[in-house]
Amino acid sequence: LKLKMPLFSNTFSPKKTPPRKSASLSNLHTLDRSTRETELGLDYGAPVMNIGGQSLKFEEGNWVSESGGIISEKEVQKLKRRNVQLEEENNLLKLKVEILLDMLSETTAESHLLQKELDGVKSHGRGRK
C-alpha cells in the first residue's frame with residue numbers, strides 16, 4: 001500500500017507572486033530626458049551669489065555683476081570680508097537673543113514661584129480667621 005503525502009510531493013509548483021508595486025510614486029521616470037533635466041535641475045547654470053546688495057554670476061572664470069560689469073578681485077575680496085563681518089554680527093545677535101530669552105524664562109519662573117508663595121500665604125492667612 002502506497003500513501004501519498006502532499007508535503008513530500010515530487011512536483012514543485014510555487015504560487016505566483018503578485019507584481020511589485022512601484023517603489024516610487026513619482027512619474028518622473030515617464031518623462032523624456034530634456035523634461036527630466038528641466039524638472040530635476042540637472043542643468044545647473046552659472047553659480048550666482050548676492051553679497052552686499054550686489055548680485056554676482058560666475059562666468060568664464062570671473063565674477064560678473066548682473067549689470068554686466070566684471071568685478072575686480074579686490075572688489076570680490078572686499079565683498080567677502082563684508083560678508084564675513086555680517087555673518088559674525090548675525091551670530092552675535094543670535095547669541096544675545098538667546099541670552100535674553102534665557103533671562104526672560106528665568107524671570108518668568110521666579111515670578112510664578114513668588115505668585116504661588118503669595119497665594120499660599122493668602123490662603124493660609126484666610127484659614128486662621
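User: Before I look at Leu92, what counts as a helix here?

Analyst: Helices are DSSP runs of H or I with at least four residues, numbered from the N terminus. In this predicted model, Leu92 lies in helix H2, which covers residues 73-128.

User: How many helices and strands does the chain have, and in what pattern do they follow one another?

Analyst: Welcome to the overview! There are two helices and three strands. Along the sequence, they follow the pattern α-β-β-β-α.

User: Which strands pair with E2, and in what sense?

Analyst: Let's take the two partners in turn. E1 (residues 48-51) pairs with E2 (residues 54-59) in the antiparallel sense, over four bridges. E2 is also joined to E3 (residues 62-65) by four bridges, and this pair runs antiparallel as well.

User: Which residues are bridge partners between E1 and E2?

Analyst: Here are two examples you can find in the structure. Met49 has Leu56 in E2 as its bridge partner, and Asn50 is matched with Ser55 in E2. Between E2 and E3, Phe58 has Trp63 as its bridge partner.

User: What should I look for in the turns of the hairpins?

Analyst: Try the phi angles. The hairpin of E1 and E2 has two residues between the strands, and Gly52 takes a positive phi near 60°. The hairpin of E2 and E3 also has two residues between its strands; there, Glu60 in the turn has a positive phi of about 50°.

User: Which residues make up the largest nonpolar core?

Analyst: This core consists of five residues: Ile51, Leu56, Ile71, Val76 and Leu79. Buried residues account for 5% of the chain's 129 residues.

User: What does Ile71 touch, leaving aside its neighbours within four places in sequence?

Analyst: Ile71 is in contact with Gln54, Leu56, Trp63, Ser65 and Val76. Two of these, Leu56 and Val76, belong with Ile71 to the largest nonpolar core.

User: Back to Leu92: why is it called partly exposed?

Analyst: Residues under 20% relative accessible area are buried and those over 50% are exposed, with partly exposed in between. Leu92 has a relative accessible area of 45%, so it is partly exposed.

User: Which residues share a nonpolar surface patch with Leu92?

Analyst: Leu95, Ile99, Leu100 and Met103 form the patch with Leu92, and together they have about 490 Å² of accessible area. For the whole chain, about 12,600 Å² is exposed, with carbon and sulfur atoms supplying 56% of it.

User: What share of contacts joins residues at least 24 apart?

Analyst: Among contacts between residues at least 6 apart in sequence, that share is 7%.

Technical notes
Residues are numbered from 1 along each chain as its sequence is written. This is a predicted model: local features need pLDDT of at least 70, side-chain atom pairs count only at pLDDT 80 or more; totals for chains, interfaces and linings use all residues. Side-chain values use heavy atoms; hydrogens and water are left out. Two strands pair if DSSP finds at least two bridges between them. A nonpolar core is a set of buried Ala, Val, Leu, Ile, Met, Phe, Trp, Tyr and Cys residues joined through side-chain atoms within 4.5 Å. Buried means under 20% relative accessible area, exposed over 50%, partly exposed in between (1.4 Å probe, protein chains only). Contact means heavy atoms within 4.5 Å. Patches are made of residues with over 30% relative accessible area and no salt bridge: like charges are joined within 9 Å, nonpolar side chains (Val, Leu, Ile, Met, Phe, Trp, Tyr) within 5 Å. Accessible areas come from the Shrake-Rupley method with a 1.4 Å probe; for residues, only the protein chains shown count as cover. A salt bridge is a side-chain nitrogen of Lys or Arg within 4 Å of a carboxyl oxygen of Asp or Glu.
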